[in-house]
Amino acid sequence: MRSIVGDLLLLRLAEASSEPMNKRLYRGIREAILDGAIAADSRLPASRDLATELGIARNTVVHVYSQLLAEGYTRSRQGNGTFVNASVPDSYLASGRRLRHPAQAQAGAALSARGAAIVDGVSASPYQWGAFMPGVPDLTEFPHKKFGRIVSSLWRNPSPDLLTYAYGGGLPALREALAQHLALTRSIDCDPDQIIITEGSHQA
């Protein structure tokens, strides 16, 4: 199974080029860090895993990782892997410049008359799921066993803040993860503050 970073780099390396692979890979990772596609403090895949995903020599990945480390784009933890630095060298060369741009808010946006009527008439349907229900997934395909294992592992030693009042808009870590996922897999440029987590379609 490929990593999200691997998928991102495969897209960036897809264009034909006469440039050596080590330079293309270096530029691909560096640009992904600078434009926020690979978020700060993210863990890069192990060199062996990334080399397998990209179909290149492991030494190429090791060389690129070493160069990024030497230039201050990443940091290495013995036995834990390579992580993206929160402050990269380019941030000191471009004072006041944001590398990622939030979506511009649309001033004066409002619901149409039909939209307002739909919202005013919202109520729970007597049929909550089934064939051809708009906006409802096939609930029989929900991965209960996998979901149960994940929940069980996370709740063996939960952080105290997970047992207190909820955050406005949803758990910050979840919103950050979703923003990164959307940037990598859907090329949607958004900030965690633009994401709101709801308890379901009715609350949404």
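The predicted model contains seven helices and three strands. Read from the N terminus, these elements follow the order α-α-β-α-α-β-β-α-α-α. Of the 204 residues in the protein, 24% are buried. Among contacts with a separation of 6 or more, 53% join residues that lie 24 or more positions apart. The exposed area of the protein comes to about 14,800 Å², of which carbon and sulfur atoms supply 56%.

Helix H3 spans residues 47–54, and its buried residues are Ser 47, Leu 50, Ala 51, Glu 53 and Leu 54. These residues lie on the same side of H3, because the arc they cover around the axis is only 165 degrees. Arg 48 and Thr 52 are exposed and sit on the face of H3 turned away from the buried side. The cover over the buried residues of H3 includes three helices, namely H1 (4–12), H2 (21–34) and H4 (58–70). Just after H3, Gly 55 adopts a positive phi of about 70 degrees.

Helix H4, one of the elements that cover the buried residues of H3, consists of 13 residues. The distance from its first C-alpha to its last is 18 Å, close to the 18 Å expected at 1.5 Å a residue. Thr 60, Val 61, Val 64, Tyr 65 and Leu 68 are the buried residues of H4. Their arc around the axis is only 130 degrees, and they therefore fall on the same side of H4. The face of H4 turned away from this buried side carries Asn 59 and Ala 70, both of which are exposed. The packing partners of the buried residues of H4 are the helices H2 and H3 together with the strands S1 (43–44), S2 (74–77) and S3 (81–84). Just after H4, Gly 72 has a positive phi, with a value of about 90 degrees.

Strand S1, against which the buried residues of H4 pack, includes Leu 44. The relative accessible area of Leu 44 is 2%, and this residue is therefore classed as buried, the cut-off being under 20%. With neighbours within four places in sequence left aside, Leu 44 is in contact with Ile 38, Tyr 65, Thr 74, Thr 82 and Val 84. Of these partners, Tyr 65 is one of the buried residues of H4. Leu 44 and Ile 4 are 40 residues apart along the chain, and their C-alpha atoms are separated by 9.8 Å.

A nonpolar patch of about 930 Å² is present on the surface. The residues that make the patch are Phe 142, Phe 147, Ile 150, Val 151, Leu 154, Trp 155, Leu 162, Leu 163, Leu 171 and Leu 174. Helix H6, which covers residues 144–154, gives the most to this patch, contributing four residues. Ile 150, a member of the patch, lies in H6. The relative accessibility of Ile 150 is 45%, so this residue counts as partly exposed; the partly exposed class lies between the buried limit of 20% and the exposed limit of 50%.

Terms used: Residues are numbered from 1 along each chain as its sequence is written. This is a predicted model: local features need pLDDT of at least 70, side-chain atom pairs count only at pLDDT 80 or more; totals for chains, interfaces and linings use all residues. Side-chain values use heavy atoms; hydrogens and water are left out. Patches are made of residues with over 30% relative accessible area and no salt bridge: like charges are joined within 9 Å, nonpolar side chains (Val, Leu, Ile, Met, Phe, Trp, Tyr) within 5 Å. Accessible areas come from the Shrake-Rupley method with a 1.4 Å probe; for residues, only the protein chains shown count as cover. A salt bridge is a side-chain nitrogen of Lys or Arg within 4 Å of a carboxyl oxygen of Asp or Glu. Helices (H or I, at least four residues) and strands (E, at least two) are DSSP runs, numbered from the N terminus. Buried means under 20% relative accessible area, exposed over 50%, partly exposed in between (1.4 Å probe, protein chains only). The arc is that of the directions from the helix axis to the C-beta atoms. Contact means heavy atoms within 4.5 Å. The expected span of a helix is 1.5 Å times one less than its number of residues.
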